[in-house]
Amino acid sequence: MRCKFNFKGRQIELELKEMKGINKFLGLMTYRNDALLFNLNNESIHSLFCPKFLAIWLDKDNKVVEYEFVKPWRFHVKPRKDFSKLIEIPVDKKYKDILS
């Protein structure tokens, strides 16, 4: 699935792997090299067994609500504002243009 959003003053367009069903719970624990999309509606996440990643929370209009570089082994990660989607981008040279 392709997704467009503005991030740090730049228009970003990414090919995302949408996480549904059981994959929603596996995320970057399993798909370590892909940018992932979750429809979460204000649910918290964890980073257990995950590599470091950039979390970008979006509202229903794909506007960035908040973002954070998430380190491994955190039990509870959630932005202060309401959101409907989450993009997880692994800190990897494949995504260096977005991460810089």
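Which residues does Ala55 touch, not counting residues up to four places away in sequence? That was my opening entry, and I looked it up in a predicted model.

**Entry 1: Ala55**
I found Ala55 in strand β5. Its contacts, leaving out residues up to four places away in sequence, are Glu66, Tyr67, Glu68, Val70, Leu86 and Ile87. I then checked the accessibility: Ala55 has a relative accessible area of 0%, so it counts as buried, the cut-off being under 20%. I also took a C-alpha to C-alpha distance from Ala55 to Arg74, and it came to 13 Å, with their positions 19 residues apart in sequence.

**Entry 2: the nonpolar cores**
Next I turned to the largest nonpolar core, which has 16 residues. Phe5, Leu14, Ile56, Ile87, Ile89 and Ile98 are the members that touch the most others. I noted which elements give two or more residues to this core: β1 (2–7), β2 (10–15), β5 (53–58), β7 and α2 (96–99). Apart from this core lies another one, of 15 residues, and Met19, Phe53, Val65 and Leu86 are among them.

I picked Ile98 for a second look. Setting aside residues up to four places away in sequence, Ile98 touches Phe7, Arg10, Ile12, Leu14, Leu54 and Ile89.

**Entry 3: the largest pocket**
I asked for the volume of the largest pocket and got about 220 Å³. Its lining has 15 residues, and those closest to the centre are Lys24, Phe25, Phe38, Ile45 and His46. Which element gives the most to this lining? I found that α1 does, with 3 residues. Both α1 (23–26) and β7 supply at least two lining residues each. Sorted by class, the lining comes out as 9 nonpolar, 3 polar and 3 charged residues.

**Entry 4: Ser84**
I located Ser84 in the loop between β6 (64–70) and β7 (85–90). Is Ser84 buried or exposed? With a relative accessible area of 14%, Ser84 is buried, because the limit for that class is under 20%. A polar atom of the Ser84 side chain lies 3.4 Å from the backbone oxygen of Asp59. I listed the contacts too: beyond four places in sequence, Ser84 touches Phe38, Asn39, Leu40, Asn41, Leu58, Asp59 and Lys60.

**Entry 5: Asn41 and Lys8**
Asn41 turned up among the Ser84 contacts, so I followed it. Asn41 lies in the loop between β4 and β5. Its phi is near 50°, a positive value in a residue other than glycine. Asn41 is exposed, since its relative accessible area of 53% is over 50%.

I found a positive phi at Lys8 as well, about 55°, and Lys8 is not a glycine either. Lys8 is in the loop between β1 and β2. At 45% relative accessibility, Lys8 counts as partly exposed.

**Entry 6: Pro51**
My last stop was Pro51, in the loop between β4 (36–39) and β5. Pro51 has a relative accessible area of 21% and is partly exposed, because buried would need a value under 20%. How many residues apart in sequence are Pro51 and Pro90? They are 39 residues apart, yet 6.8 Å apart in space, C-alpha to C-alpha. Neighbours within four places in sequence aside, I noted Leu28, Arg32, Val70 and Pro72 as the contacts of Pro51. Val70 was already in my notes as a contact of Ala55.

Terms used. Residues numbered from 1 in each chain as written. Predicted model: local features only at pLDDT ≥ 70, side-chain atom pairs only at ≥ 80, totals over all residues. Heavy atoms only, no water. Helix = DSSP H or I, 4+ residues; strand = E, 2+ residues; numbered from the N terminus. Buried < 20%, exposed > 50% of the residue type's maximum accessible area, 1.4 Å probe, protein only. Polar contact = N/O pair within 3.5 Å; in protein donor to acceptor, adjacent residues only side chain to side chain. Contact = heavy atoms within 4.5 Å. 1 Å grid on protein atoms, 1.4 Å probe; cavity = no way out; pocket = protein on both sides within 12 Å on 5 of 7 lines; lining within 4 Å. Points joined across faces, edges and corners; volume = space filled by probe spheres on them. Nonpolar A, V, L, I, M, F, W, Y, C, P; charged D, E, K, R; others polar. Core = buried A, V, L, I, M, F, W, Y, C linked by side-chain atoms within 4.5 Å.
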